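Student: I am new to this structure. Please take me closely through one part, the contact between the two chains, and then through what lies around that part.

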There are 2 protein chains.
Amino acid sequence: MKILQEKILQDGIVLSNDVLKVDSFLNHQLDPFLMAEIGKEFASKVKSGKKITKILTIEASGIAAALMTGIELGVPVVFARKKKSITMSDQNYVAQVYSFTKQESSDITVSKRFITPEDHVYIIDDFLARGAASLGLASIVEQAGASLAGIGIIIEKAFQEGGNKLREAGYPVYSLVRIKSLKNGVAEFMEEEENE
Amino acid sequence: MKILQEKILQDGIVLSNDVLKVDSFLNHQLDPFLMAEIGKEFASKVKSGKKITKILTIEASGIAAALMTGIELGVPVVFARKKKSITMSDQNYVAQVYSFTKQESSDITVSKRFITPEDHVYIIDDFLARGAASLGLASIVEQAGASLAGIGIIIEKAFQEGGNKLREAGYPVYSLVRIKSLKNGVAEFMEEEENE
């Protein structure tokens with residue numbers, strides 16, 4: 001996705017060989033125009049085949065892109081919660097996710113009322129690095145007996161193992177940009193992205 | 001806001017005299033059509049006067065409404081983070097917020113890069129009960145030396161003290177629905193709402 005690549009080059013900050021900071025447009029401040037384009041792009045990736053019935057993401061940084069995709073496809077958006085609050089008294093699906101950024105493990109939970117065996121679910125998340133969050137969300141879809149339409153990722157760090165792990169597990173992965181390297185303080189994209 | 005009142009009566013669950021559960025359309029599963037309408041409604045409340053330059057909300061449940069308002073007004077959306085992650089190395093504005101729902105206190109932080117003295121900020125949040133989150137966000141606007149256009153709330157629990165606290169502090173509060181009571185398992189709305 002060309003405009004996203006340009007945004008990353010212009011406003012992204014490469015903090016190290018592993019860490020790309022995109023808090024000025026994606027996960028602290030949001031660029032609403034870009035989020036709307038991202039929603040359209042995700043929606044266009046799954047136009048054919050079985051009808052999507054639900055978008056699933058994880059709080060907090062996945063919500064904006066998931067919502068815009070839900071608006072495009074006209075379906076509800078569910079965001080997994082990272083911690084149970086006292087108003088979540090239902091039976092929940094639970095998966096454990098380790099965050100390397102925050103260096104802590106947490107349970108993500110989704111109420112059983114919101115994903116059912118009839119659902120065809122499109123998972124959306126902001127980053128794909130080691131794949132922990134996506135695998136946790138995919139586990140929830142499986143626990144629900146629902147089917148998985150695909151996993152849409154805004155930024156895949158293709159030099160880490162998550163993308164391969166998900167593809168080898170048979171999940172369709174739609175990454176809007178795939179970063180080959182963050183070496184020397186510069187984001188370099190995979191060639192197939194440049195030809196999109 | 002009539003369609004929101006109807007949604008609350010239809011899909012909200014009154015858990016006690018204090019707690020209204022709206023997780024099927026607002027803070028766990030999102031109804032994208034409703035969120036878009038909410039964004040339009042918030043945008044229409046502040047059409048006159050000084051131009052809004054930024055929307056400010058708090059993760060996670062405020063993000064959807066804030067994003068839709070940002071799309072309507074064509075301005076960036078900032079969501080305060082509840083916990084510092086290792087990628088947030090900047091100088092931040094910090095305010096302490098006590099969550100009665102989660103029964104814990106947390107720091108909310110906003111990078112100083114995203115709110116500046118030139119900003120005219122519209123705060124958006126999902127619930128107003130005791131006012132802790134809104135006061136924390138207003139404190140961040142003040143710390144930044146920015147001006148506050150108003151505080152937009154999806155659901156105000158008008159039988160709790162937050163609304164009065166904010167209005168007495170001189171903040172313009174725009175609540176889409178104001179709940180007078182949750183007694184006997186039924187959400188009852190303030191009369192001015194019914195006449196909207």
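Tutor: A salt bridge is a side-chain nitrogen of Lys or Arg within 4 Å of a carboxyl oxygen of Asp or Glu. The model is a predicted one, and in it the side chains of R113(A) and D23(B) form such a pair, with 2.5 Å from N to O. Between chain B and chain A the count of salt bridges is 2. The contact draws on 45 residues from chain B and 45 residues from chain A. Together the chains bury about 3700 Å², and 63% of that area is on carbon and sulfur atoms.

Next, the nonpolar core. The largest one has 76 residues, and within it I38(A) and I38(B) touch the most other members. Leaving aside neighbours within four places in sequence, I38(B) contacts M1(B), L4(B), L26(B), A65(B), I154(B) and L176(B). A second core, separate from that one, has 27 residues, among them A80(B), A95(B), V110(B) and A138(B).

A sheet also takes strands from both chains: 7 strands in the order β3(A)-β5(B)-β4(B)-β8(B)-β9(B)-β10(B)-β11(B), open and with mixed pairing. Its edges are β3 (29–30) of chain A and β11 (188–189) of chain B, each of which pairs on one side only. Helix α1 of chain B, residues 2–11, packs on this sheet and touches β9, β10 and β11 of chain B, its direction making about 35° with that of β10(B). Elsewhere in the sheet, β4 (residues 54–58) and β8 (residues 120–128) of chain B run parallel and are joined by 3 bridges. K54(B) has V121(B) as its bridge partner in β8(B).

Technical notes:
Residues are numbered from 1 along each chain as its sequence is written. Chains are lettered from A and ligands numbered from 1 in the order in which they are written. This is a predicted model: local features need pLDDT of at least 70, side-chain atom pairs count only at pLDDT 80 or more; totals for chains, interfaces and linings use all residues. Side-chain values use heavy atoms; hydrogens and water are left out. Two strands pair if DSSP finds at least two bridges between them. Helices (H or I, at least four residues) and strands (E, at least two) are DSSP runs, numbered from the N terminus. Contact means heavy atoms within 4.5 Å. Axes are lines fitted to C-alpha atoms, for helices over the stretch in contact, and angles run from 0 to 180 degrees between N-to-C directions. A nonpolar core is a set of buried Ala, Val, Leu, Ile, Met, Phe, Trp, Tyr and Cys residues joined through side-chain atoms within 4.5 Å. Buried means under 20% relative accessible area, exposed over 50%, partly exposed in between (1.4 Å probe, protein chains only). Buried area is the accessible area (1.4 Å probe) that two parts lose on being put together, summed over both.
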